[in-house]
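Please look over the sequence and the model shown here before reading on. The report that follows takes the sheets, a helix, the aromatic pairs and a pocket in turn.

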Amino acid sequence: MQINPIFSSFLAVENIELDNKTELIKWSKEEINFDGTTNYKSTGSNHLNINEPILKELTQKIEQGFNNLHKQLGLSTKHKQTISSMWVNDGSDNVAIEAPHRHVDGILSAVYWPIADTNCAPLTFINPNNQMSYVFKSNMIETMNQFNSDRVNLQPQENQCVYFPSWLWHYVSHVLSKTNNRMSFAFNSEAVIG
């Protein structure tokens, strides 16, 4: 019997090397401290200004990734992806990103880690087929795969960027972390005529 996947979702992964990574990290930590919100080590509520000169190299590479993905997904050649919002999170104790959420104002989303210790908190994605876990109970599963998993943990790696559809529910699994040495930039895209 041949099994064919249908109604697929996706994760696209690439490594991004930045010439100004050290300066970008330092600038980002200052931005996070400036935010100063109690128990919320993030600028997520105050999206970063995409036109900041220090962000130029990063935003160009992320937009290139969004547009490569746009093309590979077979989307309209009349459109292109552009970054609509971005923010930075620091550490593994950020309560704002540990609840399952999606990015309703984006088409594609991305997360880039300039810092990611080996045992930092993973990014967890939830299977959009929310009925599957009621059918395939955990005691029935011998080998987890794309057909029977209700969650997928992605362990961040330094310089790694992951792209995914904005409607895919996800969260950061802080309970699984053994270190707080982690920084992530998050992005949403929108399609524009281009």
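## Sheets, helix and pocket

In strand β5, R151 is the bridge partner of I126. Strands β4 and β5 run antiparallel and are joined by four bridges, where strands are DSSP runs of E with at least two residues and helices are runs of H or I with at least four residues, numbered from the N terminus, and where two strands pair if DSSP finds at least two bridges between them.

This is a predicted model, in which local features need pLDDT of at least 70 and side-chain atom pairs count only at pLDDT 80 or more, whereas totals for chains, interfaces and linings use all residues. Residues are numbered from 1 along each chain as its sequence is written, and side-chain values use heavy atoms, with hydrogens and water left out.

The model has an open, antiparallel sheet of three strands in the order β5-β4-β7. Because β5 and β7 (170-172) each have a single partner strand, they stand at the edges, and one side of each is left without a neighbour in the sheet. An open sheet of five strands, likewise with antiparallel pairing, has the order β1-β6-β3-β8-β2, and its edge strands are β1 (12-15) and β2 (79-90), each pairing on one side only.

| Sheet order | Average turn between neighbouring strands, direction ignored |
|---|---|
| β5-β4-β7 | 25° |
| β1-β6-β3-β8-β2 | 20° |

These angles are taken between axes, which are lines fitted to C-alpha atoms (for helices over the stretch in contact), and angles run from 0 to 180 degrees between N-to-C directions. Within the five-stranded sheet, β3 (residues 108-116) and β8 (residues 182-193) pair in the antiparallel sense over six bridges, and V111 has A186 in β8 as its bridge partner.

Helix α2 (residues 56-72) lies across β1, β2, β3, β6 (160-165) and β8, and runs at about 130° to β2, contact meaning heavy atoms within 4.5 Å.

There are three aromatic pairs, counted when ring centres of Phe, Tyr and Trp (its six-membered ring) lie within 6.5 Å, with planes under 30 degrees apart stacked, over 60 edge-to-face and the rest tilted. One of them, F66 with Y163, is edge-to-face, at 5.5 Å centre to centre and 75° between the planes; this pair links helix α2 to strand β6, 97 residues apart in the chain.

The largest pocket holds about 640 Å³ of space. A pocket is an open set of points on a 1 Å grid over the protein atoms alone, where a 1.4 Å probe fits, with protein on both sides within 12 Å along at least five of seven lines, and lining residues have an atom within 4 Å of a point. Of its 23 lining residues, F7, S9, N127, P128 and Q146 are the closest to the centre.

Methods:
Points joined across faces, edges and corners; volume = space filled by probe spheres on them.
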